[in-house]
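Thank you all for making time this morning. Before I begin, please bring the sequence and the model up in front of you, so that we can go through them together.

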Amino acid sequence: MTDTQIVDFDGEYGQEYEQQIKKLIPTYDQLFDMCYAFLKTTLEDSARLLVVGVGGGKELSAFGPPNPKWTFTGVDPSGQMLEIAKKRAESLGFEDRVSLYKGIVEELVDAEPFDAATCLLVLHFIPDDGSKLSILKGIAKRLKPEAPLILACMVGEHGSPEHSRQMAALSKHRELVGLSPEIIGCGMKRMGATPIVPESRVLDLLQTAGFGNVLTFYGSYLLRGWVATKM
(Lines give C-alpha, C1' and ligand atoms only; values in the text may rest on other atoms or scores of the structure.)
Protein backbone atom coordinates (compact mmCIF):
# COMPACT_ATOMS: atom_id res chain seq x y z
CA MET A 1 0.00 0.00 0.00
CA THR A 2 2.80 2.37 0.76
CA ASP A 3 6.48 3.10 0.62
CA THR A 4 7.66 0.99 3.57
CA GLN A 5 10.57 3.37 4.19
CA ILE A 6 7.94 5.81 5.48
CA VAL A 7 5.36 3.43 6.93
CA ASP A 8 5.97 -0.30 7.45
CA PHE A 9 2.58 -1.96 7.05
CA ASP A 10 4.21 -5.36 7.47
CA GLY A 11 5.52 -4.34 10.89
CA GLU A 12 4.13 -3.00 14.15
CA TYR A 13 2.40 -0.03 12.49
CA GLY A 14 0.34 -2.37 10.33
CA GLN A 15 -0.71 -4.39 13.38
CA GLU A 16 -1.95 -1.25 15.16
CA TYR A 17 -3.38 0.52 12.12
CA GLU A 18 -6.99 -0.55 12.59
CA GLN A 19 -7.03 0.56 16.22
CA GLN A 20 -5.48 3.97 15.61
CA ILE A 21 -6.67 5.14 12.22
CA LYS A 22 -10.02 6.55 13.36
CA LYS A 23 -8.27 8.85 15.81
CA LEU A 24 -5.44 9.69 13.41
CA ILE A 25 -7.85 10.70 10.63
CA PRO A 26 -10.89 12.76 11.66
CA THR A 27 -14.07 11.77 9.77
CA TYR A 28 -12.44 8.50 8.68
CA ASP A 29 -15.71 6.56 8.65
CA GLN A 30 -17.51 9.45 6.96
CA LEU A 31 -14.98 9.37 4.11
CA PHE A 32 -16.00 5.80 3.30
CA ASP A 33 -19.70 6.64 3.67
CA MET A 34 -19.26 9.43 1.12
CA CYS A 35 -17.31 7.19 -1.25
CA TYR A 36 -20.07 4.62 -1.04
CA ALA A 37 -22.69 7.22 -1.91
CA PHE A 38 -20.83 8.11 -5.10
CA LEU A 39 -20.45 4.45 -6.04
CA LYS A 40 -24.16 3.84 -5.54
CA THR A 41 -25.06 6.72 -7.85
CA THR A 42 -22.98 5.13 -10.63
CA LEU A 43 -22.88 1.35 -10.37
CA GLU A 44 -25.44 -1.31 -11.24
CA ASP A 45 -26.54 -4.11 -8.93
CA SER A 46 -23.74 -6.22 -10.41
CA ALA A 47 -20.32 -4.56 -10.54
CA ARG A 48 -16.61 -5.31 -10.37
CA LEU A 49 -14.56 -2.98 -8.16
CA LEU A 50 -10.80 -2.50 -8.09
CA VAL A 51 -9.47 -1.51 -4.66
CA VAL A 52 -5.93 -0.14 -4.90
CA GLY A 53 -4.16 -0.22 -1.56
CA VAL A 54 -6.82 -2.44 -0.02
CA GLY A 55 -4.94 -2.48 3.30
CA GLY A 56 -7.00 -4.09 6.04
CA GLY A 57 -10.12 -4.17 3.90
CA LYS A 58 -12.14 -1.20 5.12
CA GLU A 59 -13.57 -0.78 1.61
CA LEU A 60 -14.67 -4.42 1.63
CA SER A 61 -16.63 -4.09 4.86
CA ALA A 62 -18.07 -0.70 3.88
CA PHE A 63 -19.21 -1.62 0.36
CA GLY A 64 -19.57 -5.40 0.27
CA PRO A 65 -22.32 -6.56 2.63
CA PRO A 66 -25.16 -4.40 1.24
CA ASN A 67 -24.29 -5.29 -2.39
CA PRO A 68 -24.35 -9.09 -2.82
CA LYS A 69 -23.58 -8.90 -6.55
CA TRP A 70 -20.53 -6.66 -6.28
CA THR A 71 -17.14 -8.35 -6.51
CA PHE A 72 -13.83 -6.91 -5.35
CA THR A 73 -10.23 -7.18 -6.48
CA GLY A 74 -7.86 -5.79 -3.87
CA VAL A 75 -4.20 -5.02 -4.49
CA ASP A 76 -1.62 -4.23 -1.82
CA PRO A 77 2.13 -4.82 -1.40
CA SER A 78 1.74 -5.66 2.31
CA GLY A 79 1.18 -9.32 3.06
CA GLN A 80 0.21 -8.55 6.64
CA MET A 81 -2.50 -6.10 5.59
CA LEU A 82 -3.83 -8.51 2.96
CA GLU A 83 -4.20 -11.17 5.64
CA ILE A 84 -6.24 -8.71 7.73
CA ALA A 85 -8.41 -7.94 4.69
CA LYS A 86 -8.91 -11.64 4.01
CA LYS A 87 -10.03 -12.31 7.58
CA ARG A 88 -12.35 -9.30 7.43
CA ALA A 89 -14.08 -10.62 4.31
CA GLU A 90 -14.33 -14.09 5.87
CA SER A 91 -15.86 -12.72 9.05
CA LEU A 92 -18.53 -10.96 6.98
CA GLY A 93 -19.22 -14.09 4.93
CA PHE A 94 -18.43 -12.88 1.41
CA GLU A 95 -14.85 -14.03 0.85
CA ASP A 96 -16.03 -15.75 -2.34
CA ARG A 97 -16.55 -12.29 -3.87
CA VAL A 98 -13.07 -11.02 -2.97
CA SER A 99 -9.77 -11.61 -4.77
CA LEU A 100 -6.61 -10.29 -3.14
CA TYR A 101 -3.24 -9.80 -4.83
CA LYS A 102 0.11 -8.97 -3.26
CA GLY A 103 1.87 -6.31 -5.33
CA ILE A 104 1.07 -3.06 -7.12
CA VAL A 105 -1.73 -2.25 -9.52
CA GLU A 106 0.64 -1.90 -12.47
CA GLU A 107 1.41 -5.63 -12.12
CA LEU A 108 -2.21 -6.75 -11.93
CA VAL A 109 -3.28 -8.97 -14.81
CA ASP A 110 -7.02 -8.91 -15.35
CA ALA A 111 -8.61 -9.39 -18.73
CA GLU A 112 -11.95 -7.76 -17.94
CA PRO A 113 -12.05 -4.01 -17.18
CA PHE A 114 -13.47 -2.88 -13.86
CA ASP A 115 -16.63 -0.85 -13.32
CA ALA A 116 -15.04 1.39 -10.67
CA ALA A 117 -11.90 1.83 -8.60
CA THR A 118 -10.91 3.29 -5.27
CA CYS A 119 -7.49 4.51 -4.16
CA LEU A 120 -7.90 5.80 -0.62
CA LEU A 121 -5.11 7.07 1.65
CA VAL A 122 -2.42 5.70 -0.65
CA LEU A 123 -1.17 8.24 -3.17
CA HIS A 124 0.51 10.53 -0.63
CA PHE A 125 2.97 7.74 0.23
CA ILE A 126 4.09 7.36 -3.40
CA PRO A 127 7.02 9.54 -4.58
CA ASP A 128 6.31 12.09 -7.30
CA ASP A 129 9.14 10.78 -9.46
CA GLY A 130 6.84 9.23 -12.00
CA SER A 131 5.47 6.72 -9.49
CA LYS A 132 2.33 8.70 -8.61
CA LEU A 133 1.51 9.01 -12.29
CA SER A 134 2.29 5.34 -12.85
CA ILE A 135 -0.23 4.15 -10.28
CA LEU A 136 -2.95 6.42 -11.69
CA LYS A 137 -2.22 5.24 -15.24
CA GLY A 138 -2.31 1.67 -13.97
CA ILE A 139 -5.77 2.25 -12.57
CA ALA A 140 -7.03 4.00 -15.72
CA LYS A 141 -5.76 1.13 -17.90
CA ARG A 142 -7.91 -1.33 -15.95
CA LEU A 143 -11.17 0.65 -15.94
CA LYS A 144 -14.03 0.71 -18.40
CA PRO A 145 -14.60 4.01 -20.23
CA GLU A 146 -16.58 6.44 -18.03
CA ALA A 147 -15.92 4.33 -14.94
CA PRO A 148 -15.35 6.31 -11.72
CA LEU A 149 -12.17 6.48 -9.68
CA ILE A 150 -12.55 7.64 -6.10
CA LEU A 151 -9.25 9.02 -4.84
CA ALA A 152 -8.33 10.43 -1.44
CA CYS A 153 -4.90 11.50 -0.23
CA MET A 154 -3.05 14.14 1.73
CA VAL A 155 -2.05 17.28 -0.15
CA GLY A 156 0.07 20.32 0.56
CA GLU A 157 3.54 21.78 0.33
CA HIS A 158 5.96 21.01 3.14
CA GLY A 159 7.19 24.18 4.82
CA SER A 160 4.48 26.49 3.52
CA PRO A 161 2.53 28.61 6.03
CA GLU A 162 -0.71 26.87 5.05
CA HIS A 163 0.79 23.43 5.58
CA SER A 164 2.26 24.42 8.94
CA ARG A 165 -1.13 25.67 10.17
CA GLN A 166 -2.84 22.46 9.09
CA MET A 167 -0.17 20.32 10.77
CA ALA A 168 -0.47 22.27 14.02
CA ALA A 169 -4.25 21.91 14.07
CA LEU A 170 -4.07 18.20 13.22
CA SER A 171 -1.54 17.62 16.00
CA LYS A 172 -3.81 19.40 18.47
CA HIS A 173 -6.81 17.39 17.24
CA ARG A 174 -4.98 14.15 17.92
CA GLU A 175 -4.15 15.38 21.40
CA LEU A 176 -7.79 16.29 22.06
CA VAL A 177 -9.03 12.82 21.06
CA GLY A 178 -6.66 11.20 23.52
CA LEU A 179 -3.66 9.99 21.54
CA SER A 180 -0.42 9.83 23.51
CA PRO A 181 2.41 12.32 22.90
CA GLU A 182 4.53 9.43 21.60
CA ILE A 183 1.95 8.39 19.01
CA ILE A 184 1.36 12.00 17.97
CA GLY A 185 5.08 12.67 17.64
CA CYS A 186 5.71 9.56 15.57
CA GLY A 187 2.73 10.31 13.35
CA MET A 188 3.74 13.89 12.69
CA LYS A 189 7.29 12.78 11.93
CA ARG A 190 6.00 10.28 9.37
CA MET A 191 3.82 12.95 7.80
CA GLY A 192 6.82 15.25 7.55
CA ALA A 193 8.58 12.63 5.43
CA THR A 194 5.58 11.87 3.25
CA PRO A 195 5.96 12.97 -0.41
CA ILE A 196 2.76 14.99 -0.58
CA VAL A 197 2.11 17.41 -3.42
CA PRO A 198 -0.28 20.37 -3.77
CA GLU A 199 -3.84 19.64 -4.79
CA SER A 200 -3.19 21.29 -8.17
CA ARG A 201 -0.50 18.69 -8.84
CA VAL A 202 -2.87 15.82 -8.05
CA LEU A 203 -5.40 17.26 -10.49
CA ASP A 204 -2.71 17.52 -13.18
CA LEU A 205 -1.69 13.90 -12.56
CA LEU A 206 -5.29 12.74 -12.88
CA GLN A 207 -5.68 14.51 -16.21
CA THR A 208 -2.39 13.16 -17.54
CA ALA A 209 -3.37 9.65 -16.48
CA GLY A 210 -6.57 9.81 -18.52
CA PHE A 211 -9.21 11.03 -16.07
CA GLY A 212 -11.63 13.94 -16.41
CA ASN A 213 -14.76 15.39 -14.79
CA VAL A 214 -12.90 15.65 -11.49
CA LEU A 215 -15.07 16.64 -8.54
CA THR A 216 -13.74 17.48 -5.08
CA PHE A 217 -16.09 15.98 -2.47
CA TYR A 218 -14.09 15.61 0.75
CA GLY A 219 -11.73 17.60 2.94
CA SER A 220 -10.31 17.07 6.42
CA TYR A 221 -7.18 19.01 7.40
CA LEU A 222 -4.57 17.85 4.85
CA LEU A 223 -6.80 15.20 3.29
CA ARG A 224 -8.77 15.75 0.09
CA GLY A 225 -11.05 13.43 -1.85
CA TRP A 226 -12.08 13.48 -5.50
CA VAL A 227 -14.22 11.45 -7.83
CA ALA A 228 -12.98 11.33 -11.43
CA THR A 229 -14.11 9.66 -14.65
CA LYS A 230 -12.04 7.41 -16.92
CA MET A 231 -12.08 9.20 -20.27
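**Salt bridges, a helix and a few loops**

Let me start with Arg-201, which counts as partly exposed because its relative accessibility is 33%. I should explain the wording: buried means under 20% relative accessible area, exposed means over 50%, and partly exposed is whatever falls in between, all computed with a 1.4 Å probe and with protein chains only. Two notes on where the values come from: this is a predicted model, in which local features need pLDDT of at least 70 and side-chain atom pairs count only at pLDDT 80 or more, while totals for chains, interfaces and linings use all residues. Residues are numbered from 1 along each chain as its sequence is written, and side-chain values use heavy atoms, with hydrogens and water left out.

What does the side chain of Arg-201 meet in a salt bridge? The partner is Asp-128, at 2.9 Å from N to O, where a salt bridge is a side-chain nitrogen of Lys or Arg within 4 Å of a carboxyl oxygen of Asp or Glu. Arg-201 lies in helix H8 whereas Asp-128 lies in the loop between E4 and H5, so this pair ties together parts that are 73 residues apart in sequence. The names such as H8 and E4 are DSSP runs numbered from the N terminus, with helices (H or I) of at least four residues and strands (E) of at least two. Asp-128, for its part, is partly exposed, with a relative accessible area of 34%.

By this rule the count comes to seven salt bridges, and I will take you through some of them. Asp-115 and Lys-144 meet through their side chains at 2.7 Å, N to O. That pair links distant parts of the chain, since Asp-115 sits in the loop between strand E3 (98–102) and strand E4 (116–120), and Lys-144 sits in the loop between helix H5 (131–141) and strand E5 (148–154), 29 residues apart. Asp-115 counts as buried at 17% relative accessibility, whereas Lys-144 is partly exposed at 32%.

Helix H8 also holds Glu-199, whose partner Arg-224 lies in strand E7 (residues 223–230), so that this pair ties together parts 25 residues apart in sequence. Their side chains meet in a salt bridge of 3.9 Å, N to O. Both residues count as partly exposed, Glu-199 at 25% relative accessibility and Arg-224 at 21%. Elsewhere, salt bridges that share partners join Lys-22, Asp-29 and Lys-58 into one network.

Lys-58 deserves a closer look. It is placed in helix H3 (residues 58–63), and it is buried, with a relative accessible area of 16%. Leaving aside residues up to four places away in sequence, Lys-58 touches Tyr-28, Asp-29, Phe-32 and Arg-88, where contact means heavy atoms within 4.5 Å.

Next, please turn to helix H4. Which residues of H4 are buried? They are Met-81, Leu-82, Ala-85 and Ala-89. Seen down the axis of H4, these buried residues fall within an arc of 100°, so they line one face of the helix; the arc is that of the directions from the helix axis to the C-beta atoms. It helps to remember that an α-helix has 3.6 residues a turn, so residues three or four places apart point the same way. On the other side of H4, Lys-87 and Ser-91 are exposed. Just after H4, Gly-93 takes a positive phi of about 80°.

How does H4 fit with its neighbouring strands? Strand E2 (residues 70–76) and E3 run parallel and are joined by five bridges, and two strands pair if DSSP finds at least two bridges between them. Within this pairing, Gly-74 stands opposite Leu-100 in E3. The chain crosses from E2 through H4 to E3, and this β-α-β crossover is right-handed, meaning that, with the strands pointing away from the viewer, the path from the first strand over the helix to the second runs clockwise.

I will finish with two loop residues. Glu-146 has a phi near 70°, a positive value in a residue other than glycine; it is found in the loop between H5 and E5, and it is exposed, with a relative accessible area of 67%. Tyr-221 has a phi near 55°, also a positive value in a residue other than glycine, and its place is in the loop between strand E6 (211–220) and E7.
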